[in-house]
Every structure is written in structure tokens, then in C-alpha cells.
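Visitor: I am new to this structure. Could you walk me through it with some questions and answers?

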Amino acid sequence: MRITVFGAAGSVGSRVVSEALFRGHEVTAVVRDRARFPDLDPRAEARIGDAARTDDVAALGADQDLVISATRPPHGRERELAATAEALLSGLSGTDVRLLTVGGAGSLRVPGAGDTMAVDDPRFVPTAWRGIALACNAQFDVFRADSAVNWTYLSPPAHLHPGTRTGTFRVGGDELLVDDDGVSAISMEDLAVALVDEAENPRHHRARFTVAY
């Protein structure tokens, strides 16, 4: 496939680029600053662009099979996530290009707690993370309201960290996945595996899914 990745130099985005290239896909790696080009996998086509700009999304998504967004705003600008979601959807509206976005865990339901969301449970979203979690919830709301683009939203588990690629994890829907010890986690490497799995074998059309060990 031909895949454009926004946020390609970030912690998750860089791993997605590597995973997609490993599987033989053609990758356009997009960053906002040319100074990040040396951080990109040299096998990818490096481009400048901003997922928050509709025109950039339209141009860099043209003739592609899939756009993946793995962007995160800097601290203090978390509310930009919803506006970026709107730009991504607007830029791909009217096309057949699929959109796969890395979102947040805050809107997942806590298992065994009725309709309580993870953002309201400090075991999974500490106070320090609440701002970005609420912003991700607003981002997800933008996607849920859209019916023009074939989008998929991936909510990571509560803990996402650098680690190893195992290729083994569970896949869920709207409920936070936790292990027998109550831990909800996955490595960034395996999150990238889950993203490219979904890219190759789409199962969640205009829907959200989650993964965890």
C-alpha cells in the first residue's frame, strides 16, 4: 500500500513508519519541521506538512491508500487535537483514502465500572494526564460525528511505553483492556504492529478499537 504518516518522527509515528516499511509498504513520512528529516527512516519519502492544515492533508493524502495520524500537540496546546481531527477529516472528505488515527484511552469504559470512563478513574488517568485525556475525548467526538470519511480510531491502553515488538496482544472495542493484575499497557512497537495490522486488514470502519497485553 501507499501510506502517508503524519507525526512520522514522533515516538509512535516513527515506529509505525518502520513497521510499515518492514512489511513492504511505500511510506511518505510527514513532519512539520525539515530539521526532523534526519530523524526519519531513510527508506521513507520525507515530506513537510501539518495534519492540522486541511490543504496539507489533501495534498499529502492524494493518490494514497491510507493516511495514518500519530501526532501529539505540545503541553499546553492539547485542545488542538480536535481541530486537527477536523482538518484530517476535511482533507480526506470526498476521497477513498482511509484514515487511521492514534487517539487516547480516556474515553474507554473501565471494566466492571458501568459507564465510567478511564479519564475519570485516577488508577488509569492520573491528574497530570487528565488534560490530554480530555482533549483526546474531544478528538474522538469529532470522529464519531463524521460519516464522510472511512476512519478508524485506535485507543491505546492506559500505559504506552517504548519496549519490544512481540506481535502478541489482545484487541478490544470500547472497554479498557487490563490484565489479571489490573494493568493496562502495551509497547509502542506493538501498537505500531496493531496499526499496520488494521491497515492491511481493516476491521473497524468508522469505529474505535483498542489493544493491550
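What follows is a conversation about the helices, a strand and a few loop residues of this predicted model.

Visitor: Let us start with α1. How far apart are its end C-alpha atoms?
Guide: Helix α1 covers residues 11–22. Its twelve residues, at 1.5 Å a residue, should span 16 Å. The model agrees with that expectation, as the end C-alpha atoms are separated by 17 Å.

Visitor: Which residues of α1 are buried?
Guide: Buried here means under 20% relative accessible area. The cover over the buried residues of α1 includes strands β1, β2, β4, β5 and β7, along with helix α5. The buried residues themselves are V12, G13, V16, V17, E19, A20 and L21.

Visitor: Which residue with a positive phi follows α1?
Guide: Look just past the end of α1 for a phi near 95°. The residue there is G24.

Visitor: How do α1 and α5 cross: are they oblique or roughly parallel?
Guide: The axes of α1 and α5 come within 8 Å and cross at roughly 55°. An angle under 35 degrees would count as roughly parallel, and 65 to 115 as roughly perpendicular. At roughly 55°, α1 is therefore oblique to α5.

Visitor: Is that crossing left-handed or right-handed?
Guide: The label describes which way one helix is turned relative to the other. For α1 and α5, the crossing is right-handed.

Visitor: How many charged residues does the contact of α1 with α5 have?
Guide: From α1 come S11, V12, R15, V16, E19 and A20, and they meet M188, E189, L191, A192, V193, L195 and V196 of α5. Sorted by class, this contact has nine nonpolar residues and one polar residue. The number of charged residues is three.

Visitor: How many of the 13 residues of α5 are buried?
Guide: Helix α5, residues 188–200, reaches 18 Å from its first C-alpha to its last, close to the 18 Å expected. Its buried residues include M188, E189, D190 and L191. The helix is largely enclosed by the rest of the structure, because the number of its residues that are buried is eleven.

Visitor: Now for another pair. Are α2 and α3 oblique or roughly perpendicular to each other?
Guide: Helix α2 is made of residues 54–61, and its axis comes within 8 Å of that of α3, crossing at roughly 45°. That angle makes the pair oblique.

Visitor: How many nonpolar residues does the contact of α2 with α3 have?
Guide: On the α2 side, the contact is made by T54, V57, A58 and G61, and on the α3 side by A87, L88, S90, G91 and L92. By class there are four polar and no charged residues in this contact. The number of nonpolar residues is five.

Visitor: What about α4: how far apart are its end C-alpha atoms?
Guide: Helix α4 has 15 residues, 130–144. At 1.5 Å a residue they should span 21 Å. The model agrees, with the end C-alpha atoms separated by 21 Å.

Visitor: What covers the buried residues of α4?
Guide: The buried residues of α4 are A133, A135, C136, N137, Q139, F140, V142 and F143. Their cover includes helix α3 and the strands β5, β6 and β10.

Visitor: Is V5 buried or exposed?
Guide: V5 lies in strand β1, residues 2–6. Leaving aside neighbours within four places in sequence, its contacts include V16, V17, V27 and I68. Its relative accessibility is 0%, so V5 counts as buried.

Visitor: Is D63 buried or exposed?
Guide: D63 is found in the loop between α2 and β4. It has a positive phi of about 65° although it is not a glycine. Its relative accessibility is 66%, so D63 counts as exposed.

Visitor: What relative accessibility does R206 have?
Guide: R206 lies in the loop between α5 and β10, and its phi is positive at about 50° although it is not a glycine. R206 counts as partly exposed because its relative accessibility is 41%.

Visitor: Last one: how far apart in space are R123 and I48, C-alpha to C-alpha?
Guide: R123 is in the loop between β5 and α4, and it is exposed, with a relative accessible area of 59%. R123 and I48 are 75 residues apart in sequence. In space, their C-alpha separation is 38 Å.

Notes
Residues numbered from 1 in each chain as written. Predicted model: local features only at pLDDT ≥ 70, side-chain atom pairs only at ≥ 80, totals over all residues. Heavy atoms only, no water. Helix = DSSP H or I, 4+ residues; strand = E, 2+ residues; numbered from the N terminus. Expected span 1.5 Å × (residues − 1). Buried < 20%, exposed > 50% of the residue type's maximum accessible area, 1.4 Å probe, protein only. Contact = heavy atoms within 4.5 Å. Axes fitted to C-alpha atoms, helices over the stretch in contact; angles between N-to-C directions. Parallel < 35°, antiparallel > 145°, perpendicular 65-115°, else oblique. Nonpolar A, V, L, I, M, F, W, Y, C, P; charged D, E, K, R; others polar.
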